[in-house]
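This report looks at charged contacts, pockets and a strand pairing in one protein chain. The structure comes first, and the description follows it.

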Amino acid sequence: MIDFSLCVGFVYEVLKLFFLPPVQIPDEFDGDPPIIQHVKRSYKYMKFYRQMIIDPTSLKLLPDPLKEPYYQPPYTLVLEITDVLLHPQWSLSSGWRFKKRAGIDYLFQQLAPYYEIVIFTSETGMTAFPLIDNIDPQGFVMYRLFRDATRYVDGHHVKDVSCLNRDGSKVIVVDCKREAFSLQPFNGLALKKWDGNSEDRTLYDLANFLKTIALTGVEDVRSVLENYSTEDDPIEAFKRRQAQLAQEEKQRVAELSQQRTQTFSLNSIVSRFWRSKQE
């Protein structure tokens, strides 16, 4: 059964739309000639929408840190998806698909106790949301941020650390593009772009690098990341430096052992000489 009152209301709204004069909303351009008003209002709207694209959706992208009795990890890890965790591939038969990088599960499991894991990608939410669900079934990722949360600077989607509502000295951004953290260059780690190679083990090494930072209790991660800011492959540089430190430590232990052996031998000679003299 048709509701007669709804029909009357619909007819009234249609008549009002076509026959009643539009409601005038006063603004700062009312005193200008009509054509100038139209131009200025159009420019204002275009500027407004352009600013919406340039600026992140909020200047406080993450909620306040958790307080007791909840556990708030001491560091925050911001990860890109594309070419860091996943590699987009296209084929005529299946269209666009994303290949999962080896070591994602290991990375999440190793770092979850020390890092608040945030996925912050330049992809749209429609694309990235199901991808995150797929690679993180156990829910290690605490927050998800998408393209609308980036700041558009010089043609690049930039992740502004100052908008994360976290202490900048404890935030690490991992991306394959340096432009992604250009506003805070010493908060970022630029990995080599992953090309889909199944033999790649970068995420395992990345987990060890970030775990080392956490276990040593670094007060300001920027002091560490600055040392890798000019490296083409910071993870390889980290492995190289670790190997060098291990070699230096091995050499130091060998020298110390040799000194102890020499001291022991000298003491033995002195002791024997003393006993022979006493006899």
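## Salt bridges and pockets

In this predicted model, Arg-151 and Asp-160 form a salt bridge whose closest N and O atoms are 3.1 Å apart. Arg-151 counts as buried because its relative accessibility, 19%, is under 20%, and Asp-160, at 8% relative accessibility, counts as buried as well.

A salt bridge also forms between Lys-239 and Asp-205, with the closest N and O atoms 3.3 Å apart. This pair links distant parts of the chain, since Lys-239 lies in helix α7 (residues 234–278) and Asp-205 in helix α5 (residues 202–215), 34 residues apart. Lys-239 counts as partly exposed at 34% relative accessibility, whereas Asp-205 counts as buried at 18%. Salt bridges that share partners join Glu-80, Lys-159 and Asp-175 into one network. The count of salt bridges comes to 14, and the table lists three among them.

| Salt bridge | Closest N and O atoms |
|---|---|
| Arg-151 and Asp-160 | 3.1 Å |
| Lys-239 and Asp-205 | 3.3 Å |
| Glu-231 and Arg-240 | 3.8 Å |

Glu-80 and Asp-175 are also among the residues that line the largest pocket, which has a volume of about 210 Å³ and a lining of 1 nonpolar, 4 polar and 6 charged residues. The second largest pocket holds about 160 Å³ of space; its lining, which includes Arg-101, Trp-194 and Asp-233, has 2 nonpolar, 1 polar and 7 charged residues.

Turning to the strands, β2 (residues 86–91) and β3 (residues 95–100) run antiparallel and are joined by 6 bridges, with a hairpin of 3 residues connecting β2 to β3. His-87 has Lys-99 in β3 as its bridge partner.

How values were computed
Residues are numbered from 1 along each chain as its sequence is written. This is a predicted model: local features need pLDDT of at least 70, side-chain atom pairs count only at pLDDT 80 or more; totals for chains, interfaces and linings use all residues. Side-chain values use heavy atoms; hydrogens and water are left out. Two strands pair if DSSP finds at least two bridges between them. Helices (H or I, at least four residues) and strands (E, at least two) are DSSP runs, numbered from the N terminus. On a 1 Å grid over the protein atoms alone, a cavity is a set of points where a 1.4 Å probe fits but cannot get out, and a pocket is an open set with protein on both sides within 12 Å along at least five of seven lines; lining residues have an atom within 4 Å of a point. Grid points are joined across faces, edges and corners, and a volume is the space filled by probe spheres set on the points. Ala, Val, Leu, Ile, Met, Phe, Trp, Tyr, Cys and Pro count as nonpolar, Asp, Glu, Lys and Arg as charged, and the others, Gly among them, as polar. A salt bridge is a side-chain nitrogen of Lys or Arg within 4 Å of a carboxyl oxygen of Asp or Glu. Buried means under 20% relative accessible area, exposed over 50%, partly exposed in between (1.4 Å probe, protein chains only).
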